[in-house]
Amino acid sequence: MQTQSTATTPLEDNVQVTNNAGYAVLKTLRNYGIDTIFGIPGTHNLEFYRHLAPLGIHPVTTRHEQGAGYGADGWAQQKGLPGVVITTSGPGLLNALSAAGTAYCESRPLIILSPGVPEGEEFADIGSLHETKDSTAAAGAIVQWSRRVHSATEAVAAVHDAFEIFRYGRPRPVHIEVPLNILESLSDCPEDLLQARPRRQGAQADATSLATAVHLLKAAQNPVILAGGGSIPAGAALAALAEALQAPVVTTLNGKGAVPESHPLALGSDIRLPAAQQLCNRADVLLVIGSKVGESELWGGNITPSGPVIRVDILASQANKNLASDLALIGDSAAIVTQLLHEIGSPERPVANLAPVREELRNQARALSPELSRIAEEAAAVLPSNTIVGGDSSQITYLGTASFIPQEFPHSFLYTPAYATLGYGLPASIGAKIAAPERPVVCIVGDGALMFAVQELITAVEQRLDLVVVCVDNGGYAEIRSNEADRGIPAVGVDLVQPNWAALATAFGGTGHAITRAADFAPTLHAALQGRGLHVLHVPVSLFNAAS
């Protein structure tokens with residue numbers, strides 16, 4: 001319900017302008033389906049927060065704005081909508097920019113709303129609260145675009161423009177700054193402009209390029225599909241296309257679960273392993289869908305197929321990035337995969353036998369870290385097939401869970417393989433659990449990564465979430481310790497003092513479990529999954545070193 005006000009001085013004491021710019025922005029977001037926001041209330045953003053309860057929007061108060069951004073990311077991946085973060089001006093916004101950088105690098109949809117200094121006070125350098133040289137420019141250096149609006153109508157238009165990108169372009173974060181005098185004043189935006197714009201069909205491939213692609217794929221004897229995060233919108237059509245071609249599917253980490261990993265043609269998200277790269281290089285046609293084939297996914301390997309490369313991407317600028325294409329199909333992956341499937345039909349093809357490749361991949365993954373592989377495999381044995389697994393830039397993630405916990409659904413492996421930030425896994429898992437309360441969520445991260453976001457344990461408790469956190473303790477920053485050793489540098493700054501993790505969990509209001517024998521890990525994890533509230537398992541890697 002909205003109430004008109006005759007107030008003309010927005011900062012006057014006791015003024016309540018309920019039809020202000022904050023309302024216009026939040027109402028528009030609600031019309032697009034946003035029912036949850038992440039952030040921290042502050043002095044300057046209260047005219048955003050005023051409207052949350054009346055609009056039926058649930059606020060999640062994290063304990064740091066970086067956690068708000070990562071929580072919004074985890075929520076967004078389950079909902080298929082952009083995550084929304086409300087920060088206050090100055091430090092609140094800047095604290096969220098690491099999450100914005102993650103969203104940009106990993107192509108995730110995120111809207112950051114922040115207040116700004118009143119119009120006329122830009123760059124004033126007068127010592128005002130949260131004064132920042134140029135917040136809009138600071139955010140703009142990281143996000144897709146950052147706009148300082150000058151009316152409620154402009155702010156609403158920015159929301160619509162953001163959804164245009166999220167729906168039909170490469171999803172990346174945006175920032176909308178609303179000056180305080182605009183935020184707190186009566187809205188000039190007509191009610192009809194607050195309505196969500198209807199979806200239209202995604203862009204299809206042009207007929208000539210499509211025909212060429214169909215000819216190449218039909219003639220191929222050994223086609224392979226490499227699926228990135230941009231392939232996920234294709235849904236079940238991607239698996240159907242693989243079946244029609246009898247083409248093995250290897251995914252990037254962002255594409256994990258694009259095809260259910262129990263599918264006979266699925267080879268998991270191990271494109272970084274030599275066996276997967278060799279499979280791609282033997283292809284007489286390699287179909288790359290929605291991936292930039294970046295070095296962070298390849299770990300120094302090369303994709304150099306013997307046959308032509310067909311790339312499907314939303315942006316023409318990606319057609320030759322890192323891997324030159326012989327043919328580019330530019331448009332929406334869901335539309336293009338459906339086009340290919342329709343034109344290719346159901347040709348008779350011999351059934352691919354991928355058992356040897358699958359076994360070679362598992363052996364290569366185990367060889368990278370036998371102890372972390374064992375931890376991940378034991379976790380996989382007790383996790384339900386619909387479990388969402390949160391990860392971080394931790395060795396347990398990229399040497400363990402990425403390879404050994406299969407996913408049947410997309411967006412069920414929360415990770416940032418390119419930006420490789422620490423502190424992502426826990427808040428992202430919290431956001432995912434809020435979005436999908438019916439699914440088990442387990443955050444499995446290293447001790448260093450968990451300490452980056454340890455304050456968010458209380459957010460999980462406050463939100464009354466059933467969440468399991470597994471802290472895999474290797475004594476600090478083991479990856480960097482190895483990097484130092486490789487360069488002949490004595491270990492410096494990497495061996496970290498550990499808290500009593502089980503007691504810390506209890507102090508936050510959860511249940512702590514100190515694992516002291518390798519044999520206790522799997523049964524304790526299983527019991528925690530059946531329990532209520534927050535459970536934190538402390539798992540020293542040394543237990544599995546000894547067991548190995």
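**Figure 1. The loop between β10 and β11 holds Asn322.** In this predicted model, Asn322 is a residue with a positive phi of about 70 degrees, although it is not a glycine. Its surface is open to the surroundings: with a relative accessibility of 57%, Asn322 counts as exposed, because the cut-off for that class is over 50%.

**Figure 2. A second positive phi occurs at Ala420, in the loop between β13 and α17 (425-435).** The phi of Ala420 is near 50 degrees, again a positive value in a residue other than glycine. Ala420 has a relative accessibility of 33% and therefore counts as partly exposed.

**Figure 3. The whole protein is built from 23 helices and 17 strands.** The radius of gyration is 24 Å, close to the 24 Å that the globule rule gives for 548 residues, so the protein is as compact as a globular protein of that length. Along the principal axes, the C-alpha trace spans about 75 × 65 × 45 Å, and of the 548 residues 57% count as buried. Among the contacts with a separation of 6 or more, 74% are made by residues that stand 24 or more positions apart.

**Figure 4. Five strands make up an open sheet with parallel pairing, in the order β8-β7-β9-β10-β11.** At the edges of this sheet are β8 (249-251) and β11 (327-330), each of which pairs on one side only. From one strand to the next, the twist averages 20 degrees. Within the sheet, strand β7 (residues 223-227) and strand β9 (residues 285-289) run parallel and are joined by 5 bridges; Pro223, for instance, has Val285 in β9 as its bridge partner. Helix α9 (residues 207-219) lies across β9, β10 (309-313) and β11, and runs at about 125 degrees to β11.

**Figure 5. Leu329 is a residue of strand β11.** Leu329 has a relative accessibility of 0% and so counts as buried. Leaving aside residues up to four places away in sequence, Leu329 touches Ala205, Ser209, Leu210, Ala213, Ile310, Arg311, Val312, Asp313, Ile336 and Leu340. A further position to locate from here is Ala402, which is 73 residues from Leu329 in sequence and 29 Å from it in space, C-alpha to C-alpha.

**Figure 6. A further open sheet has 6 strands with parallel pairing, in the order β13-β12-β14-β15-β17-β16.** The edge strands here are β13 (413-414) and β16 (511-514), and each of them pairs on one side only. Strand β15 (residues 467-473) pairs with strand β17 (residues 534-540) in the parallel sense over 7 bridges, and Val469 stands opposite Val536 in β17. Helix α22 (residues 521-530) lies across β14, β15, β16 and β17, running at about 170 degrees to β17.

**Figure 7. Helix α16 (residues 395-404) lies across β13, β14 (441-446) and β15.** The direction of α16 is at about 140 degrees to β14. This helix is mostly covered, with 10 of its 10 residues buried; among them are Gln395, Tyr398, Leu399, Ala402 and Phe404. The elements that cover these buried residues include the helices α14 (355-368), α15 (370-382) and α20 (478-486), together with the strands β13, β14 and β15.

**Figure 8. Helix α4 (residues 65-79) packs with helix α5 (residues 91-106).** Two packed helices are described by the angle between their axes and the distance between the axes. For α4 and α5 the angle is about 35 degrees and the axes are 7 Å apart, and α4 passes α5 in a right-handed crossing. On the α4 side, the residues that meet α5 are Glu65, Gln66, Gly69 and Tyr70, while α5 contributes Gly92, Asn95, Ala96, Ser98, Ala99 and Thr102. Sorted by class, this contact has 3 nonpolar, 6 polar and 1 charged residues.

**Figure 9. Thr459 is found in helix α19 (residues 457-462).** The relative accessible area of Thr459 is 0%, and the residue is therefore buried. When residues up to four places away in sequence are not counted, Thr459 touches Val60, Thr61, Thr62, Arg63 and Ile430.

How values were computed: Residues numbered from 1 in each chain as written. Predicted model: local features only at pLDDT ≥ 70, side-chain atom pairs only at ≥ 80, totals over all residues. Heavy atoms only, no water. Axes fitted to C-alpha atoms, helices over the stretch in contact; angles between N-to-C directions. Helix = DSSP H or I, 4+ residues; strand = E, 2+ residues; numbered from the N terminus. Left-handed = near helix turned anticlockwise from the far one by under 90°. Contact = heavy atoms within 4.5 Å. Nonpolar A, V, L, I, M, F, W, Y, C, P; charged D, E, K, R; others polar. Pairing = 2+ DSSP bridges. Rg over C-alpha atoms; globule rule 2.2 N^0.38 Å. Buried < 20%, exposed > 50% of the residue type's maximum accessible area, 1.4 Å probe, protein only.
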